Amino acid sequence: QVQLVESGGGLVQPGGSLRLSCAASGSFFSIRDMRWYRQAPGKPRDLVAAIGSGGNTKYKDSVLGRFTISRDNAKSWVFLQLNSLKPEDTAVYYCNAEMDTHRGVLAYWGQGTQVTVSS
């Protein structure tokens, strides 16, 4: 059984910062791409940032220059540093990872962590 557990969300004022973390645990051989998605009320889940096993990254245009994704392959963690936060960044943020398992390549989701940007 594989688990992804996010942490680090919370309430922050506009212009503030947060650091989200996601820890992977369980039975898997390796982790391929790791991603952060977010979903605001009434809106679809959107890809925010992604990072490959080699460290290559990509970002949603609206967060470029403000958010930074990173990973610790040794500890199976992925992080999302959120800076210069805006009210429109308010959403539930989800961690997603593609993993090599004994059943093949599977994608897993975390339970989500709430980020609220408000004064």
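A charge is said to sit over a ring when NZ of Lys or CZ of Arg lies within 6 Å of the ring centre and within 35 degrees of the ring normal. Keep that rule in mind, as it comes back when we reach Arg45. What you are looking at is a predicted model, so let us walk through it from the overall fold down to single residues.

Start with the fold as a whole. The protein chain has 11 strands and 0 helices, and reading along the sequence gives β-β-β-β-β-β-β-β-β-β-β. How does its radius of gyration fit a compact globule? For 119 residues such a globule would have a value near 14 Å, and the protein chain, at 14 Å, agrees with that. The C-alpha trace spans about 45 × 25 × 25 Å along its principal axes. Of the 119 residues, 43% count as buried. The surface that the chain exposes comes to about 6200 Å², with carbon and sulfur atoms supplying 48% of it. If you look at contacts between residues at least 6 apart in sequence, 54% of them join residues at least 24 apart.

One covalent link is a good place to zoom in. Searching the whole structure turns up 1 disulfide, and it joins Cys22 to Cys95 with an S to S distance of 2.1 Å. Cys22 belongs to strand β3 (residues 18-26) and Cys95 to strand β9 (residues 91-101), so the bond ties together parts of the chain 73 residues apart in sequence. The link of Cys22 and Cys95 is left-handed, with -80 degrees about the S-S bond. Both Cys22 and Cys95 are buried.

Stay with strand β9 for a moment, and turn to the aromatic rings. A pair of aromatic rings is described by how far apart the centres are and by the angle of the planes. The count for this structure is 3 aromatic pairs. In one of them, Trp77 and Phe79 have ring centres 5.8 Å apart and planes at 10 degrees; since planes under 30 degrees apart count as stacked, this pair is stacked. Its two members differ in cover: Trp77, at 30% relative accessibility, is partly exposed, whereas Phe79, at 13%, is buried. Another pair, Tyr94 with Trp109, is edge-to-face, with 6.5 Å from centre to centre and 85 degrees between the planes. This pair links distant parts of the chain, as Tyr94 is in strand β9 and Trp109 in strand β10 (residues 104-109), 15 residues apart. Tyr94 counts as buried at 14% relative accessibility, and Trp109 as partly exposed at 39%.

Which residues do ring pairs link into a cluster? They are Tyr37, Tyr94 and Trp109. Here Arg45 comes in. Arg45 lies over the face of Tyr94, at 3.6 Å from the ring centre, and its charged end also sits over the ring of Trp109, 4.7 Å from the centre of that ring.

Now move to Phe67, which is found in strand β7 (residues 67-72). Is Phe67 buried or exposed? With a relative accessible area of 2%, Phe67 is buried, because the cut-off is 20%. Leaving aside residues up to four places away in sequence, Phe67 touches Arg38, Val48, Tyr59, Leu80, Gln81, Leu82, Asn83, Leu85, Asp89 and Tyr93. For a sense of scale, the C-alpha atoms of Phe67 and Ser27 are separated by 30 Å, with their positions 40 residues apart along the chain.

Gly9 offers another stop, in the loop between β1 (2-7) and β2 (10-12). At 33% relative accessibility, Gly9 is partly exposed. Its contacts, again without residues up to four places away in sequence, are Leu18, Leu20, Thr113, Gln114 and Val115. Gly9 and Glu88 are 79 residues apart along the chain, and their C-alpha atoms are separated by 15 Å.

Finally, take a look at two serines and their backbone. Ser76, in the loop between β7 and β8 (77-82), has a phi near 60 degrees, a positive value in a residue other than glycine. Ser84, in the loop between β8 and β9, also has a positive phi, of about 50 degrees, although it is not a glycine. As for cover, Ser76 is buried with a relative accessible area of 14%, while Ser84 is partly exposed at 43%.

Methods. Residues are numbered from 1 along each chain as its sequence is written. This is a predicted model: local features need pLDDT of at least 70, side-chain atom pairs count only at pLDDT 80 or more; totals for chains, interfaces and linings use all residues. Side-chain values use heavy atoms; hydrogens and water are left out. A disulfide is a pair of cysteine sulfur atoms within 2.5 Å. Helices (H or I, at least four residues) and strands (E, at least two) are DSSP runs, numbered from the N terminus. Buried means under 20% relative accessible area, exposed over 50%, partly exposed in between (1.4 Å probe, protein chains only). Rings of Phe, Tyr and Trp (its six-membered ring) pair if their centres lie within 6.5 Å; planes under 30 degrees apart count as stacked, over 60 as edge-to-face and the rest as tilted. Contact means heavy atoms within 4.5 Å. The radius of gyration is taken over C-alpha atoms; the globule rule is 2.2 Å times the number of residues to the power 0.38. Accessible areas come from the Shrake-Rupley method with a 1.4 Å probe; for residues, only the protein chains shown count as cover.
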